[in-house]
Amino acid sequence: MTFYQELQLSSTGSKQLIRNTTDKKEKRRHILIYNFKVYLVMAFCVAVVTLYSKITGNDNSVVGVTVLLAVLVLRQADFGIRTSHGLLSIAGIFCILIAGPRLSNMVSPVPAFFVNAISILLLMILGCHNVIMYNHSTFVLGYLLLQGYDVTGGMYVRRVEGLLVGMILCMIIFYKNQKNRPYRRTFPDLFREFDVHSARSRWYIRLALIASSAMLFMSLAGLPRAMWAGIACMSVCLPFPEDGLERAGKRAAFNIVGCLLFAGLYLLLPQSFYPYIGMIGGIGVGYSAGYAWQTAFNTFGALSIASGLFGMPYAVALRIGANVFSAVYTVVCSKGLGLAFTAISAYTGSTETE
């Protein structure tokens, strides 16, 4: 395996390669490449987000994160339709990212619920027809981040400009890498194949309703960072509801672990090091092959920002509360919606399809 090929491996793939290598010299080589990759990715991410922040403003750093995640996914993933038609999906996704978050912040919580639910449902339809690609986690996450870190006025104009540039970049990379895909499905098929009796469409509906309603409840309770609830619900709401129970347990438990680790660093490190705790979390994510520890280290970045706004104790309590609530809420709602879908199928005489 070449140096470049090893750089393309996931953390799981790199760790398996290191574990399966018996030659000590080769093992050391693989370990060095793995460490180099972690810090290279971290440096690249910091550079992209910093560049976007300088161009569009510090309040729009989340745009850099959203575009970066989209680029990394679209290098390898597709939409399950013809590549040329996939460009329409990218355009639709970015239009939603531009309009949906801003609109939901312009209205009261109840209308915002409908804006969020419709926007997330459309993102699922446009971006996750090929379920195995798991594209929704990128696009819905981007939507929720933009919704949570909202801007207005001139900063919003710069946000739109940044997202449009990101859209064009994603289109170029997507078409270059995916142009030889032999799909026959077209863009209209994404909507034509939406069917409340199919497992895929039911997953779309479950995720949209659960994430949006969890955010609604946090907003009605007057709690900040409602997006944390939406992100947690998205993470736990899997295509097959029975798989979500284990994910919910890990989400709740390792968010607590991550919050405790963050609190420890916050108390031990001098204040001048606080801005780098998020970076430490990013490095931890790079070394984590499994969902559990990725969840733990992902708390660092979110808490670094929230602690500066609300204070560390409140930020940690809010983070734990939002994630534990959302994990349990998603499991309960998935079960309830599953029973509702079964009742609908029985009433209409239809059966669930793929």
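# Helices, bridges and rings

Student: Which helices do the buried residues of H2 pack against?
Tutor: Let's settle the words before we look. Helices are DSSP runs (H or I, at least four residues; strands are E, at least two), numbered from the N terminus. Buried means under 20% relative accessible area, exposed over 50% and partly exposed in between (1.4 Å probe, protein chains only), and packing rests on contact, that is, heavy atoms within 4.5 Å. By these rules, the partners of the buried residues of H2 are H1, H3 and helix H13 (277–287).

Student: Before we go on, what kind of model is this?
Tutor: Residues are numbered from 1 along each chain as its sequence is written, and side-chain values use heavy atoms, leaving out hydrogens and water. Local features need pLDDT of at least 70, side-chain atom pairs count only at pLDDT 80 or more, and totals for chains, interfaces and linings use all residues, for the model is predicted.

Student: How wide is the arc that the buried residues of H2 cover around the axis?
Tutor: In helix H2 (residues 11–20), the buried residues are Ser11, Gly13, Ser14 and Ile18. The face turned away from this buried side carries the exposed residues Arg19 and Asn20. The arc is taken from the directions from the helix axis to the C-beta atoms. The buried residues lie on the same side of H2 because their arc is only 165 degrees.

Student: How many residues apart in sequence are the parts that glutamate 6 and arginine 29 tie together?
Tutor: These two form a salt bridge, with their closest N and O atoms 2.8 Å apart; the term means a side-chain nitrogen of Lys or Arg within 4 Å of a carboxyl oxygen of Asp or Glu. Glutamate 6 is buried at 3% relative accessibility, whereas arginine 29 is partly exposed at 29%. Glutamate 6 sits in helix H1 (residues 3–7) and arginine 29 in helix H3 (residues 24–56), so the separation in sequence is 23 residues.

Student: Which of arginine 181 and aspartate 78 is buried?
Tutor: Their side chains meet in a salt bridge at 3.6 Å, N to O. Arginine 181 is in the loop between helix H8 (153–178) and helix H9 (187–192) and aspartate 78 in the loop between helix H4 (61–74) and helix H5 (83–106), so they tie together parts 103 residues apart in sequence. Arginine 181 has a relative accessible area of 34%, making it partly exposed. At 1% relative accessibility, the buried one is aspartate 78.

Student: Which helix gives the largest share of the nonpolar patch?
Tutor: Patch residues have over 30% relative accessible area and no salt bridge; nonpolar side chains (Val, Leu, Ile, Met, Phe, Trp, Tyr) are joined within 5 Å, like charges within 9 Å. This patch includes Val110, Phe114 and Phe217 and has about 730 Å² of accessible area together, by the Shrake-Rupley method with a 1.4 Å probe, only the protein chains shown counting as cover for residues. Helix H6 (109–127) and helix H10 (199–220) each give two or more residues. The largest share, four residues, comes from H6.

Student: What kind of pair do phenylalanine 310 and tyrosine 314 make?
Tutor: Rings of Phe, Tyr and Trp (its six-membered ring) pair if their centres lie within 6.5 Å; planes under 30 degrees apart count as stacked, over 60 as edge-to-face and the rest as tilted. A search of the whole structure finds 18 aromatic pairs. The centres of phenylalanine 310 and tyrosine 314 are 5.8 Å apart and their planes stand at 75 degrees, so the pair is edge-to-face.
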